[in-house]
Amino acid sequence: METISENRAFGGTQGVYTHASDATGTDMTFGLFLPEEARDGPVPLLWYLSGLTCTHENAMNKAGAQAWAAEQGIALVFPDTSPRGEGVADDPAYDLGQGAGFYVNATQDPWASHFRMWDYITEDLPALMFKDFPLDMERQAITGHSMGGHGALTIAMRLPGRFTSVSAFAPICNPTDSDWGRKQFSAYLGEDEEAWAPHDATLLMHAAGFDGPILIDTGTNDQFGDLLKTEALAHAAAARRQPMQLRMQPGYDHSYFFVSSFMEDHVAFHAEALYSV
């Protein structure tokens, strides 16, 4: 692992690091904020998964999360959204290829060689971080925005017991029934829709739900509202009697102005769950 930068922030340290990933077969970059309490021992960790076109930098620089994490004594990790670099497949469209990994393990060419973001987020990066940084493996929570909200919800529901809580900002809720999903799943996973189901939060909610608290915020003026399929997840949670806070925020869109407006709420939501363990 190589340190790219480390900056003092809110009493803690905002670092950026790069490392060779076994999962993707490429170098990967991530941001990690450690609060002041990390000097004395392991601290809880909140994962933030970003959306389409983003790198590790977007949320790290725009979401305003470090101030609230420092207040709660929580670490934040900001992974990249896909493999990158020479020899990594890409596509001219913004919603496929580099910057659009969709948190799946691709099985189809030309993506299968490097696009293994599920393994990267759930196995590769955690193994590195818990070895090299003062983080408490028993206290993890996860959140994300848009495509990252999709990733946060599906990862949390498929790995019961790993995360105390899950939240999302304007998540893609039902990708098997959306152009933000069907296009990418066809490319990465092939045409067999049974292979898509483990990456659809609505289908996972019907099948298993989540064994902890859930918080979702979506703006009523979200310009991608038709693609998010928020109502499908709401109906699935109601059918399952799954406890879930779904807040439709009046006038907000899909931007980081929206995310930063409610970041304090999400960090506090996760802190309550993390410190109850």
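These legends go with an overall view and several close-ups of a predicted model.

**Figure 1. The whole chain, with its 9 helices and 9 strands.** The radius of gyration is 17 Å, close to the 19 Å that the globule rule gives for 277 residues, so the chain is as compact as a globular protein of that length. If you want a feel for the dimensions, the C-alpha trace spans about 50 × 45 × 35 Å along its principal axes. Buried residues account for 59% of the 277. Take the contacts between residues at least 6 apart in sequence, and 72% of them turn out to join residues at least 24 apart. On the outside, the accessible surface comes to about 11,000 Å², and carbon and sulfur atoms supply 48% of that. As for charge, the chain carries 15 positive and 37 negative charges, and the mean positions of the two sets are 3 Å apart.

**Figure 2. Helix α4, residues 147–158, a mostly covered helix.** With 12 residues at 1.5 Å each, α4 should span 16 Å, and its end C-alpha atoms sit 17 Å apart, which agrees. How many of its residues are buried? The count is 11 of 12. Among them are M147, H150, L153, I155 and M157, along with the glycines G148, G149 and G151.

**Figure 3. S146, in the loop between β6 (135–144) and α4.** Have a look at the backbone here: S146 has a positive phi of about 60 degrees, even though it isn't a glycine. Is this serine buried or exposed? Its relative accessibility is 3%, and buried means under 20%, so S146 counts as buried.

**Figure 4. F185 and its surroundings in helix α5 (residues 179–189).** This phenylalanine has 0% relative accessibility, so it counts as buried. Which residues does F185 touch, setting aside those up to four places away in sequence? The list runs F102, V104, H150, P175, T176, G190, W196 and H199. One of these, H150, is also among the buried residues of α4. Another, W196, is 11 residues from F185 in sequence, with 6.3 Å between the two C-alpha atoms.

**Figure 5. The cis peptide bond between D109 and P110.** Omega is about 0 degrees at this bond. To find the spot, follow the loop between β5 (75–79) and α3 (117–132), where P110 lies.

**Figure 6. K229, in the loop between α7 (225–228) and α8 (230–240).** Here's another backbone detail to check: phi of K229 is near 60 degrees, a positive value in a residue other than glycine. The relative accessible area of K229 is 25%, so this lysine is partly exposed.

**Figure 7. E37, in the loop between β3 (27–34) and β4 (43–49).** At 39% relative accessibility, E37 counts as partly exposed, because that value lies between the 20% limit for buried and the 50% limit for exposed. What does E37 contact, leaving aside its neighbours within four places in sequence? Its partners are V43, A70 and G73. I74 is worth finding in this view too: it sits 37 residues from E37 in sequence, while their C-alpha atoms are 8.3 Å apart.

How values were computed. Residues are numbered from 1 along each chain as its sequence is written. This is a predicted model: local features need pLDDT of at least 70, side-chain atom pairs count only at pLDDT 80 or more; totals for chains, interfaces and linings use all residues. Side-chain values use heavy atoms; hydrogens and water are left out. Helices (H or I, at least four residues) and strands (E, at least two) are DSSP runs, numbered from the N terminus. The radius of gyration is taken over C-alpha atoms; the globule rule is 2.2 Å times the number of residues to the power 0.38. Buried means under 20% relative accessible area, exposed over 50%, partly exposed in between (1.4 Å probe, protein chains only). Contact means heavy atoms within 4.5 Å. Accessible areas come from the Shrake-Rupley method with a 1.4 Å probe; for residues, only the protein chains shown count as cover. Lys and Arg count as positive and Asp and Glu as negative; His and the chain ends are not counted. The place of a charge is taken as NZ of Lys, CZ of Arg, CG of Asp or CD of Glu. The expected span of a helix is 1.5 Å times one less than its number of residues.
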